[in-house]
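Thank you for asking me to look through this structure before you start working with it. My comments follow as numbered points, beginning with a single helix and ending with the chain as a whole.

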Amino acid sequence: MAYSWRTFFTAKAVALNFERCLRACFEISLMYMKKDFLNFQVDHMTLLLQPELYKVAYLMFNVIFGVSPEDLLYEKRKRWQEDAGEESMTFAVRIGKGVHPDPDLNNTIIAVVQPSEPESQASHVRQMLDGHESAALWQHVALRTPDLTAFHQHAVERGVQFITPILKDDEDNLIQVFSGEWYFPGMKSSGMFFEFVERNPSEESLKEIQAKNQETWFRDKTFLGLYGEKQREYDSGEVTPFISFELFDRLYQEFRDKQIWEITDADFKRAEEIMLEHTANK
Ligand SMILES: [Fe+2]
């Protein structure tokens with residue numbers, strides 16, 4: 001059967017359109033493709049508890065959640081006053097194990113903190129709980145990423161504020177960084193923030209981090225580093241927000257007349273541009 005020129009050109013036009021359509025689909029799927037370092041798993045959750053609940057929770061984790069002595073990952077104490085005994089500051093319990101081939105990525109952990117300081121001494125943990133009239137407050141969720149350095153850069157470029165540099169925990173073979181709190185102008189700080197962690201980091205990323213940080217951070221130092229930094233913030237009354245108040249206002253004003261279901265892909269792009277621009281001009 002012979003094809004006419006007309007059939008040939010029609011077929012060609014269809015093929016071209018199909019190709020264009022494929023390319024557009026590919027571009028859209030690229031736009032939505034999640035970068036590996038944005039594929040987070042919950043690593044642990046940190047819970048602030050009033051002292052009365054701290055002890056009862058310790059009992060309940062054992063009796064109700066089935067936490068055995070080997071699931072008590074750590075328990076840290078401090079003597080705040082020379083003439084007084086030690087106080088338990090924090091403990092962490094593993095409440096479950098997964099089936100990941102890497103045993104380090106299998107744990108479901110709750111870390112618990114109580115205000116262990118004497119009444120006469122300032123405590124940001126007490127302030128966070130009392131300030132919200134709470135017996136218990138989820139303080140931070142630690143999200144695990146396969147590439148903390150890449151995520152950190154991505155977040156910093158878009159205006160996320162961190163209260164620590166990337167810290168190295170030698171005992172646990174992990175690196176971690178702590179964000180500012182989620183709150184906004186006119187509100188008191190929420191006490192809620194994120195930790196981002198990478199377990200078993202590669203030698204290269206460790207070298208990169210160590211070059212950036214003058215100090216190497218170990219477990220005790222790391223915990224006290226965060227604890228100390230939070231206390232310093234609460235003492236000064238200046239709590240670092242997750243994104244700056246100016247950036248928050250810009251985003252809020254830009255989208256104040258839209259319901260979330262009216263927010264389009266173009267709006268997301270615009271929001272990202274605002275974040276990148278605002279951060280670059282700082
Ligand atoms: Fe944590």
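1. Which residues of helix 3 (residues 124-131) are buried? In this model, which is a predicted one, the buried residues of helix 3 are His124, Val125, Met128 and Leu129. When helix 3 is viewed down its axis, these buried residues fall within an arc of 135°, so they line one face of the helix. This fits a general rule: an α-helix has 3.6 residues a turn, so residues three or four places apart point the same way. Just after helix 3 comes glutamate 133, which takes a positive phi of about 45°.

2. The sheet deserves attention next. It is an open sheet formed by eight strands, which follow the order 2-3-4-1-5-8-7-6 with mixed pairing. Strand 2 (72-78) and strand 6 (167-169) are the edge strands, each of them pairing on one side only. From one strand to the next, the twist averages 25°.

3. At the edge formed by strand 6, three bridges join this strand to strand 7, and the two run antiparallel. Aspartate 169 has leucine 174, in strand 7, as its bridge partner.

4. Two helices that pack on the sheet can be described together. Helix 2 (residues 51-63) touches strand 1 (41-49), strand 3 (87-97), strand 4 (107-113) and strand 5 (136-144), and its direction makes about 135° with that of strand 1. Helix 4, for its part, touches strand 7 and strand 8, and its direction makes about 150° with that of strand 8.

5. Where does the largest nonpolar core draw two or more residues from a single element? The core has 19 residues, and those with the most contacts inside it are Leu148, Ile166, Ile175, Val177, Phe196 and Val197. The elements that give two or more residues are helix 4 (148-157), strand 7 (174-181) and strand 8 (193-199), with strand 7 giving the most, namely four residues. Leucine 148 touches Ile166, Ile175, Val177, Phe196, Val197 and Glu198, when residues up to four places away in sequence are not counted. Another core, of 14 residues, lies apart from this one, and among its members are Met89, Val93, Ala111 and Val112.

6. For the chain as a whole, there are eight helices and eight strands, and buried residues make up 23% of its 282 residues. Of the contacts with a separation of 6 or more, 63% are accounted for by residues 24 or more positions apart.

Terms used. Residues are numbered from 1 along each chain as its sequence is written. This is a predicted model: local features need pLDDT of at least 70, side-chain atom pairs count only at pLDDT 80 or more; totals for chains, interfaces and linings use all residues. A residue is buried if 20 or more other C-beta atoms lie within 10 Å of its own, exposed if 12 or fewer, and partly exposed in between; C-beta atoms are placed from the backbone. The arc is that of the directions from the helix axis to the C-beta atoms. A nonpolar core is a set of buried Ala, Val, Leu, Ile, Met, Phe, Trp, Tyr and Cys residues joined through C-beta atoms within 7 Å. Two residues are in contact if their C-beta atoms, placed from the backbone, lie within 7 Å. Two strands pair if DSSP finds at least two bridges between them. Axes are lines fitted to C-alpha atoms, for helices over the stretch in contact, and angles run from 0 to 180 degrees between N-to-C directions.
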